[in-house]
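Open the model in a viewer and keep the sequence panel beside it. The stops below can be taken in order.

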Amino acid sequence: ATTPGLFQNVVEDVIEKRMGTTYGPKRNMKMCLFVDDLNMPEINEWGDQITNEIVRQVFEMKGLYSLDKPGEFKTLVDMQYISAMSHPTGGKNDIPNRLKRHFSVFNVPLPTDTSLQQIFGVIFSSRFSQVDKREGPHYTPEVQALAEKITSTTINFWKKIQAKMLPTPAKFHYTFNVRDLSRISQGIMMSHKDMVTDPAMLTNLWKHECCRVFSDKLNVAEDKAWYDKAIQATVTEFFGDEVAGLCQQPTYWVNFLREPIFDPDTGEELEAAPVVYEPAETIDQLRLRLLGAQKQFKDSNKVKKMDLVLFDMAVKHVVRISRVLSMARGSIMLVGVGGSGKQSLTRLSSFVQGQRTFQITVTKNYNVNHFFDDLRAQYFEAVKGHITFIFTDNEIKQERFLEYINNFLSSGEVPGLFGGEDKDSACNDIRPIAKKEKPREFN
């Protein structure tokens, strides 16, 4: 939960001194500060939302007190404030009226089916109607026609699983929202045009993405069995019996099947392996590719050994993990008993994605300062390439770690992690790389 100190660090991280005790956004700009999940602060033993008191102070008194100079009040200028919260029902808290009175309150309902159809329908129709000037359309008319039905089919199935799979104390994570539709769309958009050659292939891709988003969240065999029947019935209803007959067996889409190109004389790697999101022919094909990757990992890493028995379920877990790691800022929570291979399979998945893994080393005196030092070092290392950060429940030395991880996952930033000099150094390091990758934005 967000503490008052952490909230103040967030605010102070984005302001600078203007004059005297007056502070404002950097470079004399105006800024809108967005406070999300306003009704989810830390609650003390008397039931007070103490973090919301400092939030109210910022709104009401247009400033806050300095933590370095007791008694000094920092006045904030050129700032506006927007907040968001969920409805205070179902065990979720409300906010104090003394804070609520400062807002103009608007109720934002879920988008209607028409709105969702328009949002995601435009994405799919524009993707699958692409035309090359030389080669003509990227996709066949049959694929384009089926792509027009994907959005309505996804919304229909999403509502089915929402109505059937309700959260319970044992299944508290059974929550399905609009983000799930976005994740399915994101997975479909990773596909290559040469892989989606007919309606059956597009249907298999859609089923695979639905399985990764919906079915992987289910933790009871009966629920998974219901899911398998329901999605096949949905395919039959919206895509027809012919397509449904060709798509009864599950397919597994990955982007690590291709091999790099080597020089036949010297053995030197000429080109990195092409990243193509494509279906594997069989589980055995995936297993063979992962066994080769495991051998390469052992050859390149003499300290950490990896001798995994890649049975079918382990291979499927690697498919799930690698799919998330291949997405921008992808994050995944693996739940299971100790020793079930969660970390090892993550390391293997990271290796096939060409990423480096990092895990903190917890000692007896490990604290927030050490945690910040580790995070800071990885931010600088990320300039060189992608990193997979593995964080286990045994490494939660303090509950504050979870708040920092939450900020890290939601916004990519941890308040107070970098000082002014560190930020300047990071900008100087990343500027030439950014100019090379996106030269137009620096002209």
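The tour starts with the whole chain and then moves through selected residues and helices. Bear in mind throughout that this is a predicted model.

**Whole chain**

Show the protein as a cartoon. Its secondary structure comes to 15 helices and 14 strands. Turn on the C-alpha trace, which spans about 75 × 55 × 50 Å along its principal axes.

Now switch to a surface. The protein exposes about 26,500 Å², and 53% of that area is supplied by carbon and sulfur atoms. Of the 443 residues, 35% count as buried. If contacts between residues at least 6 apart in sequence are considered, 67% of them join residues at least 24 apart.

Colour by charge next. There are 55 positive and 56 negative charges, and their mean positions lie 2 Å apart.

**Select Glu209**

Glu209 belongs to helix H7, which covers residues 199–213. Is Glu209 buried or exposed? Its relative accessible area is 0%, so Glu209 is buried, the cut-off being under 20%.

Show side chains here. Glu209 makes a polar contact of 2.7 Å with the side chain of Tyr277. Another polar contact, of 3.0 Å, links the side chains of Glu209 and His208. With residues up to four places away in sequence left out, Glu209 touches Ile184, Gly187, Ile188, Tyr277 and Arg323.

**Select residues 221–239**

This is helix H8, with 19 residues. Put a distance label between its end C-alpha atoms: they are 27 Å apart. At 1.5 Å a residue the helix should span 27 Å, so the two values agree.

Which residues of H8 are buried? They are Asp223, Tyr227, Ala230, Ile231, Gln232, Thr234, Val235 and Phe239. Show what surrounds them: the buried residues of H8 pack against H7, helix H5 (141–164) and helix H9 (241–246). Step on to Gly240, just after H8, where phi is positive at about 100°.

**Select Asp78, then Arg329**

Both stops concern backbone angles. Asp78 sits in the loop between strand S5 (73–76) and strand S6 (79–83). Asp78 is not a glycine, yet its phi is positive, at about 60°. With a relative accessible area of 32%, Asp78 is partly exposed.

Go to the loop between helix H11 (312–325) and helix H12 (342–352), where Arg329 is found. Arg329 has a phi near 50°, again a positive value in a residue other than glycine. Why does Arg329 count as exposed? Its relative accessibility is 59%, and exposed means over 50%, so Arg329 falls in that class.

**Select Phe380**

The last stop is in helix H13, residues 368–381, which contains Phe380. At 27% relative accessibility, Phe380 counts as partly exposed.

Which residues is Phe380 in contact with, leaving aside its neighbours within four places in sequence? Phe418, Asp422 and Ala426 are in contact with Phe380. Add a C-alpha to C-alpha distance from Phe380 to Ala426: the two are 7.0 Å apart in space and 46 residues apart in sequence.

Terms used: Residues are numbered from 1 along each chain as its sequence is written. This is a predicted model: local features need pLDDT of at least 70, side-chain atom pairs count only at pLDDT 80 or more; totals for chains, interfaces and linings use all residues. Side-chain values use heavy atoms; hydrogens and water are left out. Helices (H or I, at least four residues) and strands (E, at least two) are DSSP runs, numbered from the N terminus. Buried means under 20% relative accessible area, exposed over 50%, partly exposed in between (1.4 Å probe, protein chains only). Contact means heavy atoms within 4.5 Å. Accessible areas come from the Shrake-Rupley method with a 1.4 Å probe; for residues, only the protein chains shown count as cover. Lys and Arg count as positive and Asp and Glu as negative; His and the chain ends are not counted. The place of a charge is taken as NZ of Lys, CZ of Arg, CG of Asp or CD of Glu. A polar contact is a pair of N or O atoms within 3.5 Å; within protein, one must be able to donate a hydrogen and the other to accept it, and residues adjacent in sequence count only if both atoms are side-chain atoms. The expected span of a helix is 1.5 Å times one less than its number of residues.
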